[in-house]
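Please take the sequence and the 3D view together, and follow the paragraphs below from the whole chain down to single residues.

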Amino acid sequence: MNNQQEEGQKSKFQSKIFAILALLIACFILSFVPIFTKWSEQEISPTATVFDRFFITIIIFGLDNRFDFLQTQRTSNRSLGSQFNFRKTFLLLLGAGICSTINQMSWAWSITQTNISNSAFFHGLTPLFTTLFAWLFLARGCDRQFFIGMVIAIGGSIAIGLGEIQIATTKLQGDGLALLSAIFFGLYLLIVERLRQNLSVSSILFWRCLCCILFLLPILLFTHDQIMPTSETGWLAVAGLSLTFVIGHGLLTYTLNILSSSLVAVVLLLEPFLSSMQAWIFFAEKLSLLEGISFAIVTLGIYLTLSSPSPEVQEETLLLFQEEKQ
């Protein structure tokens, strides 16, 4: 019995380490998104860029997932309980698509209404909202070490722009959009964490992309924006965005079956610093000493959250989903 427990703990530890490594790789891959976005928006609008990214991605996931969601439901028991689970899963998928679309559009438009520092300041509050939603909807708290690490990581993330933060009534709309983006991204992570107990990574991302396309297409038709790029550079940029989504969000979604959404949101605070390094390489943008200090602070906060008991999806949550399946 002791050997079985030791093997179980060892397997659990290995899964956690692998998930953390996958999440760090996802952060690195997603850090290329601003580079490809900057190239793409030289030809098409931000809305069209997001649409094209999801349009190409949905083809990839559509070929891969083989509609696992529908096949699973067709072969399942047609009892009242399973029908309830079907409706609940569908609503969660719809919610993930809506949250993702609002997050993407709010973030893109906030940049046009306020400066980057203000937008980054409010968007850096995502882990706080994810932890709050987990407490409200899953009754899941966090220990003191995790909370302290999260606060340190958030502080390091927003410290870099404190000197450039501007408080003005003309920027309130953009600041509100950035805050809205943080709220809905935190909610999206929490929904995907729940969906991962029932669905595969490709199924979740397929339906997410489908919802986003259905929401964005009417906007593009109404604004008469150019939808597709015309040059090779534009197509390469869109292809790069799609590839980063498939690999980056694929790994990110995978980890949400092992790590809590709150921990994932904290680790994702590394992404802006990695993007700064990409900008330094591709656009010769200078890296300041403050950025280096902020990066060290964020890393310290992430270390504290990773070493706390809170990062894993708690067993009570897993038992809840197992009861729903029965």
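What follows goes from the overall fold and its confidence to the core, one helix pair and one buried residue.

This is a predicted model, in which local features need pLDDT of at least 70 and side-chain atom pairs count only at pLDDT 80 or more, while totals for chains, interfaces and linings use all residues. Residues are numbered from 1 along each chain as its sequence is written, and side-chain values use heavy atoms, with hydrogens and water left out.

The protein chain has 15 helices and zero strands, where helices (H or I, at least four residues) and strands (E, at least two) are DSSP runs numbered from the N terminus. Of its 326 residues, 48% count as buried, that is, under 20% relative accessible area, with exposed meaning over 50% and partly exposed in between (1.4 Å probe, protein chains only). Among the contacts with a separation of 6 or more, 89% join residues 24 or more positions apart, a contact being heavy atoms within 4.5 Å.

Confidence is expressed as pLDDT, the predictor's confidence in each residue, from 0 to 100; the chain has a mean of 77, and 73% of its residues reach 70 or more. Among the elements, helix 11 has the highest mean pLDDT (90), whereas helix 15 (residues 315-325) has the lowest (43). Over residues 314-326 the pLDDT is below 50, and beyond near neighbours in sequence this stretch has 16 contacts in the model.

The largest nonpolar core (a set of buried Ala, Val, Leu, Ile, Met, Phe, Trp, Tyr and Cys residues joined through side-chain atoms within 4.5 Å) holds 65 residues, of which Phe54, Tyr188, Leu195, Leu259 and Val264 touch the most other members. Helix 10 (residues 201-223) supplies the largest share of this core, 10 residues. Not counting residues up to four places away in sequence, Val264 touches Leu23, Leu189, Leu252, Thr255, Leu256 and Leu259.

Elsewhere, the axes of helix 7 (residues 126-138) and helix 8 (residues 144-159) come within 9 Å and cross at roughly 150°, which means that helix 7 is roughly antiparallel to helix 8 (angles over 145 degrees count as such, under 35 as roughly parallel, 65 to 115 as roughly perpendicular and the rest as oblique). Pro127, Leu128 and Thr131 of helix 7 meet Phe146, Met150 and Ile154 of helix 8 in this contact.

Finally, Thr244 lies in helix 11 (residues 232-255) and is buried, with a relative accessible area of 5%. Its contacts, not counting residues up to four places away in sequence, are with Ile29, Leu30, Phe32, Val33, Phe36, Arg53 and His249.

Notes:
Axes fitted to C-alpha atoms, helices over the stretch in contact; angles between N-to-C directions.
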